[in-house]
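Work through the aromatic contacts of this model. Each exercise sets a task and then solves it step by step.

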Amino acid sequence: MRDLSAVFDRYKGRKNLLVGHSYGCSQATRLAASRAEQVHGLVMIGPGYAPSHFPAGSIKVFKAPLIVLKMMRPLLSRGFAERAFHSHTRQASCQAHRRLLRRAQVFSGTNSMHVCQAFYQQMLWVDEELLHHIPCAVLVIVGEGDKVTPVTYAQAIHQVLRGNPRRLVNYSEVKEASHQVMQETPLRVSYLILEFMEKVEQGEEMDSDTQTVEM
């Protein structure tokens, strides 16, 4: 967090929007809580949620010896792709999806197992107490087919955030998308973020209606 805070302090502007994906939501949320007067909006894409996220079978795997993890790398990479991409994307029916899947295949095996092991064993996901310290507007986006951080996690976060009637909270489930929703449907996610930014800029009151974005 010290490195992230230093980067933020170096490049912050008059109004600041933080965007996090997956575990990055935890880091962005902690930064927003520690910079309450400087962060005006927080976008959480495919967030995890501590009460329901632990203990998870996928996390327990990384307690195995390093040599075992190295042997399991192809299986872990394939399993992640199956959970992170929607079945519609995995059909590779358009050029954009074929290109996305090829890129994912190339990069999925590049992470060192000792880095993955350390990362998964030290993760601290968003919890209810942390959410109560978020004073800024929040947008939660999740792919309706997310099997890495399922929709139920985003829904739980949304319900907690709605407890503050003075805070703008938007929630969107994107159809035919999974954990990599911002890669599978980049235009839709960009539209949601731009729309949210306009609301933050205008200082709109709370608007927490659930939205399902059609493809």
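Which residues form one aromatic cluster? Tyr 23, Phe 119 and Trp 125 do.

The model is predicted: local features need pLDDT of at least 70, side-chain atom pairs count only at pLDDT 80 or more, and totals for chains, interfaces and linings use all residues. Residues are numbered from 1 along each chain as its sequence is written, and side-chain values use heavy atoms, without hydrogens or water.

**Exercise 1.** Classify the aromatic pairs.

Step 1. Apply the rule: rings of Phe, Tyr and Trp (its six-membered ring) pair if their centres lie within 6.5 Å; planes under 30 degrees apart are stacked, over 60 edge-to-face, the rest tilted.
Step 2. Count the pairs: the structure holds 2.
Step 3. Take Tyr 23 and Phe 119. Their centres are 5.2 Å apart and their planes stand at 90°, an edge-to-face pair.
Step 4. Place them. Tyr 23 is in the loop between strand 1 (17-21) and helix 2 (24-34), while Phe 119 is in helix 8 (residues 113-121), 96 residues apart. Helices (H or I, at least four residues) and strands (E, at least two) are DSSP runs, numbered from the N terminus.
Step 5. Take Tyr 23 and Trp 125. With centres 5.3 Å apart and planes at 80°, this pair is also edge-to-face.
Step 6. Place Trp 125: the loop between helix 8 and helix 9 (128-131). This pair therefore ties together parts 102 residues apart in sequence.

**Exercise 2.** Sort the three residues by burial.

Step 1. Set the cut-offs: buried is under 20% relative accessible area, exposed over 50%, partly exposed in between (1.4 Å probe, protein chains only).
Step 2. Tyr 23, at 14%, is buried.
Step 3. Trp 125, at 6%, is buried.
Step 4. Phe 119, at 36%, is partly exposed.
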